[in-house]
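This report describes one protein model and the ligand it holds. Keep the sequence and the 3D view open while reading.

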Amino acid sequence: MSNLLRTFENEVQLAALAFMGLVYALRLVWIFRFRVGRERTVAVGREGAGTGYSLMNIAMPWAMESTRTHPGRYLEFVVLHLGIAAAIAASFIIPYGPGLFETAWVRGIFRAFIAAAGLAGLARLARRLTNPVLREISSPDDYFSLVFLIVWLAAGVLALPDRPAAGEGPLLAFFGLTAFLLVYVPFSKIGHYLYYPFSRIYLGRTLGHRGAWPPAAAKSAGAGPARKGAA
Ligand code: HEM
């Protein structure tokens with residue numbers, strides 16, 4: 001293995017990771033400087049129940065109208081994220097646990113997940129480009145993040161035989177793109193996972209307090225559709 005590839009797989013990744021960690025730490029300091037708004041309405045439900053429901057919403061496709069009516073899109077979202085997780089794991093396994101990828105079926109599973117994620121990304125990109133409503137609300141970062149992820153996932157599939165002797169190009173491309181991803185992520189929508197717990201906890205607490213979440217509690221409190229019908 002060349003020194004260039006060794007450096008790309010190790011020092012360059014660690015520097016990019018440290019940069020990402022630093023930007024995230026600064027963001028967290030910034031987020032925690034905001035005072036949490038005080039709820040002034042009368043408590044009808046339980047804040048804790050609303051928070052749990054809100055955080056788990058991502059694993060309850062039946063709970064959101066958009067995923068309930070478009071189960072295929074939910075599947076796409078899951079496939080995309082599983083493949084991303086596999087590619088991130090591969091970027092650590094290749095330099096620090098290469099023994100795992102000596103087993104052909106393990107490599108095969110990772111490649112299949114990453115390739116499926118690339119296809120899910122392509123489907124989402126096609127929809128963003130062709131659906132006029134989605135186009136209207138899409139920012140340049142929405143497009144760039146998706147295109148970049150698709151290219152990065154494709155590089156992951158090509159790199160995964162993890163055979164530098166057969167040519168280092170795919171591995172150099174994968175690790176070069178991974179380093180760029182780590183530096184770019186904190187400034188893009190891809191950093192959404194950092195904000196996820198904050199936004200979900202805050203929303204869940206508010207709607208839990210008002211008795212709107214979880215829906216079962218809302219019904220027994222007489223809120224929501226049941227009350228609408230009675231009015
Ligand atoms: C705890 C981790 C994560 C959570 C909870 C999460 C959650 C989500 C959610 C709820 C969406 C919206 C899905 C939709 O509109 O159907 C989304 C979209 C997206 N996520 Fe994540 N995500 C996580 C990690 C990641 C990571 C690590 C990446 C990339 C490195 C990523 C890349 C994306 C992209 C690119 C989209 C937008 C797809 C599009 O524009 O169609 N996510 N994520």
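## Polar contacts with the ligand

A polar contact is a pair of N or O atoms within 3.5 Å. One such pair joins the ligand to Lys189: an N or O atom in the side chain of Lys189 is 3.2 Å from an oxygen atom of the ligand. The model is predicted, not determined by experiment.

Two histidines also come within this cut-off. A nitrogen atom of the ligand lies 2.9 Å from a polar side-chain atom of His81. For His192, the distance from a polar side-chain atom to a nitrogen atom of the ligand is 2.7 Å.

## Overall build

The protein has 12 helices and zero strands. Read from the N terminus, the order of elements is therefore α-α-α-α-α-α-α-α-α-α-α-α. Along the principal axes, the C-alpha atoms fill a box of roughly 75 × 40 × 35 Å. The protein has 231 residues, of which 34% count as buried.

## The iron atom

Which protein residues are donors to the iron atom of the ligand? They are His81 and His192, each through its NE2 atom, at 1.9 to 2.0 Å from the iron. His81 belongs to helix H5 (residues 71-96) and His192 to helix H10 (residues 192-209), so the pair ties together parts that are 111 residues apart in sequence.

Why is the arrangement around the iron atom called octahedral? Six donor atoms surround the iron atom, and the angles they subtend run from 84 to 179°. Six donors count as octahedral if opposite donors are over 155 degrees apart and all others lie between 65 and 115. For comparison, the ideal angles for six octahedral donors are 90 or 180 degrees.

Are the two histidines buried or exposed? Residues count as buried under 20% relative accessible area and as exposed over 50%, with partly exposed in between. His81 has a relative accessibility of 32%, so this residue is partly exposed. His192, at 42%, is partly exposed.

## The pocket and its shell

The ligand sits in the largest pocket. Four elements give two or more residues to the shell around the ligand: H5, helix H6 (104-130), helix H8 (140-159) and H10. The most comes from H5, which gives three residues.

The residues surrounding the ligand include Ile58, Phe77, Ile84, Leu146, Leu149, Ile190 and Tyr193. His81, His192 and Lys189, described above, are also among them. Two arginines, Arg124 and Arg128, are part of this list as well. Arg128 lies in helix H6 and is buried, with a relative accessible area of 16%.

## Distances between helix residues

Ala159 is in helix H8, and its relative accessible area of 2% makes this residue buried. Ala159 and Ser91 are 68 residues apart along the chain, and their C-alpha atoms are separated by 9.9 Å. Arg128 and Ala85 are 43 residues apart along the chain, and the separation of their C-alpha atoms is 23 Å.

## Two backbone details

Most residues other than glycine have a negative phi, and most peptide bonds are trans. Two places in this chain can be read against that background.

Asp162 is not a glycine, yet its phi is positive, at about 50°. This residue is found in the loop between H8 and helix H9 (169-184). With a relative accessible area of 12%, Asp162 is buried.

What is the form of the peptide bond from Trp213 to Pro214? The bond is cis, with omega near -10°. Pro214 is placed in the loop between H10 and helix H11 (215-220).

Terms used. Residues numbered from 1 in each chain as written. Predicted model: local features only at pLDDT ≥ 70, side-chain atom pairs only at ≥ 80, totals over all residues. Heavy atoms only, no water. Donors = N, O, S within 2.8 Å, 3.2 Å for Na, K, Ca; no water. Tetrahedral: all angles 85-135°; square planar, octahedral: opposite > 155°, others 65-115°. Buried < 20%, exposed > 50% of the residue type's maximum accessible area, 1.4 Å probe, protein only. Near = heavy atom within 4 Å. Polar contact = N/O pair within 3.5 Å; in protein donor to acceptor, adjacent residues only side chain to side chain. 1 Å grid on protein atoms, 1.4 Å probe; cavity = no way out; pocket = protein on both sides within 12 Å on 5 of 7 lines; lining within 4 Å. Sits in = over half its atoms within 2 Å of the grid points.
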